[in-house]
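I opened a fresh notebook page today and wanted to get to know one helix and a few ring contacts. Here is what I looked at.

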Amino acid sequence: MIFRRTVKTICRFLIREVKRHRVHRPLTPPFVIMAVEPYVLLNDGHRIPVVGFGTYAPEKYPKSLSEEATRLAIEAGYRHIDGAYLYGNEEEVGRAIKDKIADGTIKREDLFQTGKVRH
């Protein structure tokens, strides 16, 4: 419950800031101070946001919160979603991304989804 309220509070703040400043690029959380460019230029010409939304949540929280948090993060302006197979919430995160693409919030080509591979 606390996790849900915290994510909603942060995302509401970010949405308000986006509207207030009319930001048309991914918005980093206000508590992150960036001394570098907000993007990294890839060798294929794409620019990936430096700050991504992490989808990890402790096991004591239901997986459905990952889906809700990812939806809120995309609405707030995140365009880099970071996950991992070990988090066990790939379906929920994928569903949130699919829903946000379907409702027109974002285009697939504007979103980066990264993961970690165990070696």
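**Entry 1: the helix**

Which residues are buried in α3? I looked them up, keeping in mind that this is a predicted model. I found Glu92, Val93, Ala96, Ile97 and Lys100 buried in α3. They sit on the same side of α3, because the arc they cover around the axis is only 135°. That fits a general rule I jotted down: an α-helix has 3.6 residues a turn, so residues three or four places apart point the same way.

Next I asked what covers these buried residues of α3. The cover includes α2 (64-76), β4 (80-82) and β5 (112-114). Then I turned to the face of α3 that points away from the buried side, and noted the exposed residues Glu91, Lys98 and Ala102 there.

I also checked the length. Helix α3 (residues 90-102) has 13 residues, so at 1.5 Å a residue it should span 18 Å, and its end C-alpha atoms are indeed 18 Å apart. After α3 comes Gly104, and I noted its positive phi, near 85°.

**Entry 2: the rings**

How many aromatic pairs does the whole structure hold? My search gave 2. One of them joins Tyr56 and Tyr87 edge-to-face, with 5.1 Å centre to centre and 65° between the planes. I liked that this pair links distant parts of the chain, 31 residues apart. Tyr56 lies in the loop between β3 (53-54) and α2, while Tyr87 lies in the loop between β4 and α3.

Last, I looked at Tyr39: the charged end of Arg47 sits over its ring, 4.3 Å from the centre.

Methods. Residues are numbered from 1 along each chain as its sequence is written. This is a predicted model: local features need pLDDT of at least 70, side-chain atom pairs count only at pLDDT 80 or more; totals for chains, interfaces and linings use all residues. Side-chain values use heavy atoms; hydrogens and water are left out. Helices (H or I, at least four residues) and strands (E, at least two) are DSSP runs, numbered from the N terminus. The expected span of a helix is 1.5 Å times one less than its number of residues. Buried means under 20% relative accessible area, exposed over 50%, partly exposed in between (1.4 Å probe, protein chains only). The arc is that of the directions from the helix axis to the C-beta atoms. Contact means heavy atoms within 4.5 Å. Rings of Phe, Tyr and Trp (its six-membered ring) pair if their centres lie within 6.5 Å; planes under 30 degrees apart count as stacked, over 60 as edge-to-face and the rest as tilted. A charge sits over a ring if NZ of Lys or CZ of Arg is within 6 Å of the ring centre and within 35 degrees of the ring normal.
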